[in-house]
Amino acid sequence: MKFTKMHGCGNDYIYVNGFQETISPEQKPELVRRLSDRHFGIGGDGVIFINPSKEADFEMEMYNADGTRAQMCGNGIRCVAKFVYDKGLTDAEHISVISAGSVKYLDLTVERNPQLPGDRGKVKLVRVNMGSPILEPDKIPVLAEGETVVNQPIFVEDEEYRMTCVSMGNPHAVVFAEGVADMKLEQIGPLFENHVRFPERVNTEFVEVIDRQNVFMRVWERGTGETLACGTGCCATAVACVLNGLTDCKVTVKLLGGELLIEWDREKNIVYMTGPATTVFEGEIELCSE
């Protein structure tokens, strides 16, 4: 099976061209676990299959490293855009991608060599219309009272944290704290992910506000663990920052793997994410066990 390794701000996935490769649905969870293993496989935060679609230009079929399906990945969808353009699956610089029934619209920034007439170039940046943030607890989902979960207490092993919950097609709990760079996410992350208040588990963002335009974030992703970046987590973080009056509506989220620019258009209630997409290498792997 041919594959392409790509990343967005260090959030790395293995990409498979579903137009060419045929893998049965029952095989995919185990295959994903094998490919994602950083010691015995290719290594990545998960696997994304790029498939034909009747509802959009392309489908993103995404799996976490543990083989579970995921609804959305902001870094992953930017890489899908780069993949389909760079591979010649489309010539359009404005495309639509569906994932778990939700269609996103993407604007591609293509870098061309002016010294090569007719050069179609390659994608360097992608701006994604991530849609409207979901704030209703039962739709996130999170077990909580009230119409929203903003700066509400949550007890994790008898310690109180304050969380703001947002869904960007997948559930997020944003926790504002100091000393985020030194937090032991490998210990606290799983406790949030599997907390009883999150029926479908949760992605948790630990955020330190720098100023009105900049924040620093680390993330624990359900089914994967700590990653260097999380696009939907950055979107949820920006929304949480605004809801708590901590930043402006346009904020740069600094991550272990890079930076993403997030803008929440309050009038249209749309979140936009802009960031890079990078191809690391390509290869071919034998699917049959030895």
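## Salt bridges around Arg218 and Glu226

Glu226 is partly exposed, with 30% relative accessible area. This is a predicted model. The side chain of Glu226 meets that of Arg218 in a salt bridge, at 2.8 Å from N to O. Arg218 is buried, and its relative accessible area is 8%. The cut-off for buried is under 20%, so Arg218 at 8% falls in that class.

In total, the structure holds 16 salt bridges. Side chains of opposite charge can pair when their charged atoms come close.

## Salt bridges between loops

Asp66 pairs with Arg201, and their closest N and O atoms are 3.8 Å apart. Why does this pair tie together parts that are 135 residues apart in sequence? Asp66 sits in the loop between β4 and β5 (69-70), while Arg201 sits in the loop between α3 (185-193) and β12 (203-211), so the salt bridge links those distant stretches of sequence. Asp66 is partly exposed, at 28% relative accessible area. Arg201 also counts as partly exposed, at 23%.

Asp248 forms a salt bridge with Arg212, with the closest N and O atoms 3.3 Å apart. Asp248 belongs to the loop between α4 and β15, and Arg212 to the loop between β12 and β13 (214-221), so this pair ties together parts 36 residues apart in sequence. Asp248 is partly exposed, with 32% relative accessibility. Arg212 is partly exposed too, at 37%.

A network of salt bridges links Lys5, Asp12, Arg38 and Asp45.

## Helix α1 and its buried face

Helix α1 covers residues 28-36. Its buried residues are Lys28, Leu31, Val32, Leu35 and Ser36. Seen down the helix axis, these residues fall within an arc of 120 degrees, so they line one face of α1. An α-helix has 3.6 residues a turn, so residues three or four places apart point the same way.

What does this buried set pack against? The partners are three strands: β2 (11-17), β3 (46-51) and β4 (58-64).

## Nonpolar cores

The largest nonpolar core has 55 residues. Tyr15, Leu106 and Ile262 have the most contacts inside this core. Helix α4 (residues 231-243) supplies the largest share, eight residues. A second, separate core has 20 residues, among them Val142, Val175, Ile188 and Trp220.

Which residues does Tyr15 touch, leaving aside its neighbours within four places in sequence? Tyr15 is in contact with Phe3, Thr4 and Met6. Its contacts also include Ile48, Ile50, Asn75 and Gly76. Cys79, Val80 and Phe83 complete the list.

## Strands β15 to β17

Strand β15 (residues 250-255) runs antiparallel to strand β16 (residues 258-265), and six bridges join them. Lys254 stands opposite Glu259 of β16. The two strands form a hairpin, with two residues between them.

β16 also pairs with strand β17 (residues 270-276). This pairing is antiparallel as well, over five bridges. Glu263 has Tyr272 of β17 as its bridge partner. How many residues lie between β16 and β17 in their hairpin? There are four, and Asn269 in the turn has a positive phi of about 55 degrees. β16 thus pairs with β15 and with β17. Ile262, one of the residues with the most contacts inside the largest core, falls within the 258-265 range of β16.

Notes: Residues are numbered from 1 along each chain as its sequence is written. This is a predicted model: local features need pLDDT of at least 70, side-chain atom pairs count only at pLDDT 80 or more; totals for chains, interfaces and linings use all residues. Side-chain values use heavy atoms; hydrogens and water are left out. Two strands pair if DSSP finds at least two bridges between them. Buried means under 20% relative accessible area, exposed over 50%, partly exposed in between (1.4 Å probe, protein chains only). The arc is that of the directions from the helix axis to the C-beta atoms. Contact means heavy atoms within 4.5 Å. A nonpolar core is a set of buried Ala, Val, Leu, Ile, Met, Phe, Trp, Tyr and Cys residues joined through side-chain atoms within 4.5 Å. A salt bridge is a side-chain nitrogen of Lys or Arg within 4 Å of a carboxyl oxygen of Asp or Glu.
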